[in-house]
Structures are given as C-alpha cells and as structure tokens.
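Reader: I've got a model open and I'd like to check the labels against the criteria behind them. Can we go through it together?

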Amino acid sequence: MAWVRCPDCPGSDMKWFGPLTEEEIPAARQVVAEARPEEYFVANAYHRCRHEGCRRIQRRDDWKRGGTLPEEG
Ligand SMILES: [Zn+2]
C-alpha cells in the first residue's frame, strides 16, 4: 500500500492506494489504452485508490497519470 495523492477523492488529498487486483486489470488496461494510447500497459506500474467508493487508478511513479475505472456491472 502507498500513501499518495488522489485527484478523484474530495479535496484531492492523500489516500491509501493498493495493487490492482486480477479483476481490475482488464478495466485498467482499457482506461490506460484510451487515455494514453502510446503507453504499453504494465499492471504493476499502476495502483488503485482504496478509499471507499473511489475508482481512481494511476501510475505509482506519477499520480497525475491515470484514470477512473468504469462502474462494475
Ligand atoms: Zn481516491
């Protein structure tokens, strides 16, 4: 887990992020492909905000590079 800035959470403050789960990886790959088509997606380079209700994913090395996972279902 990493304590980093989350631009999706209210106030854009610091939140706990954890590794992508197996279920989250395909959706994250899609989000990154749309946001940054030039980037080769590596799941381990990303993590997800674990604050309740937040669906933000972003690069471990740059909190500004990321996106929001679509709602499930
Ligand atoms: Zn968040």
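Author: Sure, and keep in mind that this is a predicted model. Let's start with the pairing criterion: two strands pair if DSSP finds at least two bridges between them.

Reader: What makes S1 and S2 a pair?

Author: Four bridges join S1 (residues 2–5) to S2, and the criterion asks for at least two, so they pair. The two strands run antiparallel. As for who faces whom, Arg5 stands opposite Met14 in S2.

Reader: How do you know that S2 and S3 pair?

Author: By the bridges again: three of them join S2 (residues 14–19) to S3 (residues 46–49), in the antiparallel sense. With at least two required, three is enough, so this is a pair too. Gly18 has Arg48 in S3 as its bridge partner.

Reader: And what makes S3 and S4 a pair?

Author: Three bridges once more, with S4 covering residues 56–59 and the pairing antiparallel. That meets the threshold of at least two, so the pair counts. Here His47 stands opposite Gln58, while Arg48 stands opposite Ile57. The hairpin of S3 and S4 has six residues between the strands, and Gly53 takes a positive phi near 85 degrees there.

Reader: Which order do the strands take in the sheet?

Author: The order is S1-S2-S3-S4-S5, in an open sheet of five strands with antiparallel pairing.

Reader: Why are S1 and S5 called edge strands?

Author: S1 and S5 (62–68) each have a single partner strand, so one side of each is left without a neighbour in the sheet. Neighbouring strands are turned by 45 degrees against each other on average, direction ignored.

Reader: Where does the helix sit?

Author: H1 (residues 25–35) lies across S3, S4 and S5, and runs at about 110 degrees to S5. Along the sequence, the protein chain reads β-β-α-β-β-β.

Reader: Why is the chain called as compact as a globular protein of that length?

Author: The globule rule gives 11 Å for 73 residues, and the radius of gyration of the protein chain is 11 Å, close to that value, so the label holds. The C-alpha atoms fill a box of roughly 30 × 30 × 20 Å along the principal axes.

Reader: How many of the residues count as buried?

Author: Of the 73 residues, 22% do. To be called buried, a residue needs 20 or more other C-beta atoms within 10 Å of its own.

Methods
Residues are numbered from 1 along each chain as its sequence is written. This is a predicted model: local features need pLDDT of at least 70, side-chain atom pairs count only at pLDDT 80 or more; totals for chains, interfaces and linings use all residues. The radius of gyration is taken over C-alpha atoms; the globule rule is 2.2 Å times the number of residues to the power 0.38. A residue is buried if 20 or more other C-beta atoms lie within 10 Å of its own, exposed if 12 or fewer, and partly exposed in between; C-beta atoms are placed from the backbone. Axes are lines fitted to C-alpha atoms, for helices over the stretch in contact, and angles run from 0 to 180 degrees between N-to-C directions. Two residues are in contact if their C-beta atoms, placed from the backbone, lie within 7 Å.
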